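User: Please examine one helix pair in this structure closely, and then place that pair in the context of the whole chain.

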Amino acid sequence: MRILTSTVGRKILMSITGQLLILFVLVHMIGNTTIFFGALNAYAEHLHSLPPLVWIFRLVMLAAIAVHICYGVQVTLENKAANPGAYAVKKQLKASFASENMIWTGLLLLAFICYHLAQFTMHLTPDVVVGLDTVNRPDVFKMVSTSFSNGGIAILYMFAMVFLFLHLSHGIPSFLQTMGWNNDKTIPVFGTGGKVVSAFLMLVYISIPAAILIGALK
């Protein structure tokens, strides 16, 4: 297929899968905020009651991650080999720390995702406490709160969310640029919008380990 062999096609696939991952980040954030309302265990139980949908969603997200990383690395290497200044988005978007380090923030986020899955999905890390709550549901709240009571783990998660902010703050306007939905007038608007959305996601995610670490959530 031409879309797989052309640089433009790979950029489009990378952008589309990136937006799918942003959708997941948003949905995951909404689910995580139930911890502030004492409903995290109920939310987790509801998810476990829908195994086919959950697994389909997971497989789609894993495929999106694989495509995004594969083409992200490939396009980055192609651009550097051809001309370090030829990246299409950089021609129209002012270079920034986030834009110059997309591949590194992306790889750091991949490492964090692997750790996150090992910790809270596969329960492989020693800090995880697996048990049941008072109504015999998996006690996800205790598992999360026990882990984030460890300062090192909480700070690790906060740093990971800073990497998420950096990646998305450039990734969101880059998607609009790649799809041809941006122009000279809208570049500043979408650039600011990408930073606002990314900052919002970062702060909400950071608020959970921060609240547990300072004892606001028990």
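The reply below treats the helix pair and then the chain as a whole.

Analyst: The model is a predicted one, and the part chosen here is the pairing of helix H3 with helix H8. Two packed helices are described by the angle between their axes and the distance between the axes. Helix H3 covers residues 40-48 and helix H8 covers residues 140-148; their axes come within 7 Å and cross at roughly 120 degrees. Perpendicular pairs are those at roughly 65 to 115 degrees, and antiparallel ones lie over 145; H3 and H8 are therefore oblique to each other. On the H3 side, the contact is made by Leu 40, Asn 41 and Ala 44, and on the H8 side by Val 140, Phe 141 and Val 144. By character, the residues of this contact divide into five nonpolar, one polar and no charged.

The pair belongs to a protein chain with ten helices and zero strands. Read from the N terminus, the elements run α-α-α-α-α-α-α-α-α-α. Of the contacts in the chain with a separation of 6 or more, 74% are accounted for by residues 24 or more positions apart.

As for overall dimensions, the C-alpha trace spans about 60 × 35 × 30 Å along its principal axes. The radius of gyration is 19 Å, which agrees with the value near 17 Å for a compact globule of 218 residues. Buried residues make up 39% of the 218 residues. The accessible surface of the protein chain comes to about 12400 Å², and carbon and sulfur atoms hold 73% of that surface.

Technical notes. Residues numbered from 1 in each chain as written. Predicted model: local features only at pLDDT ≥ 70, side-chain atom pairs only at ≥ 80, totals over all residues. Heavy atoms only, no water. Axes fitted to C-alpha atoms, helices over the stretch in contact; angles between N-to-C directions. Helix = DSSP H or I, 4+ residues; strand = E, 2+ residues; numbered from the N terminus. Parallel < 35°, antiparallel > 145°, perpendicular 65-115°, else oblique. Contact = heavy atoms within 4.5 Å. Nonpolar A, V, L, I, M, F, W, Y, C, P; charged D, E, K, R; others polar. Rg over C-alpha atoms; globule rule 2.2 N^0.38 Å. Buried < 20%, exposed > 50% of the residue type's maximum accessible area, 1.4 Å probe, protein only. Areas by Shrake-Rupley, 256 points an atom, 1.4 Å probe, with all protein chains shown as cover.
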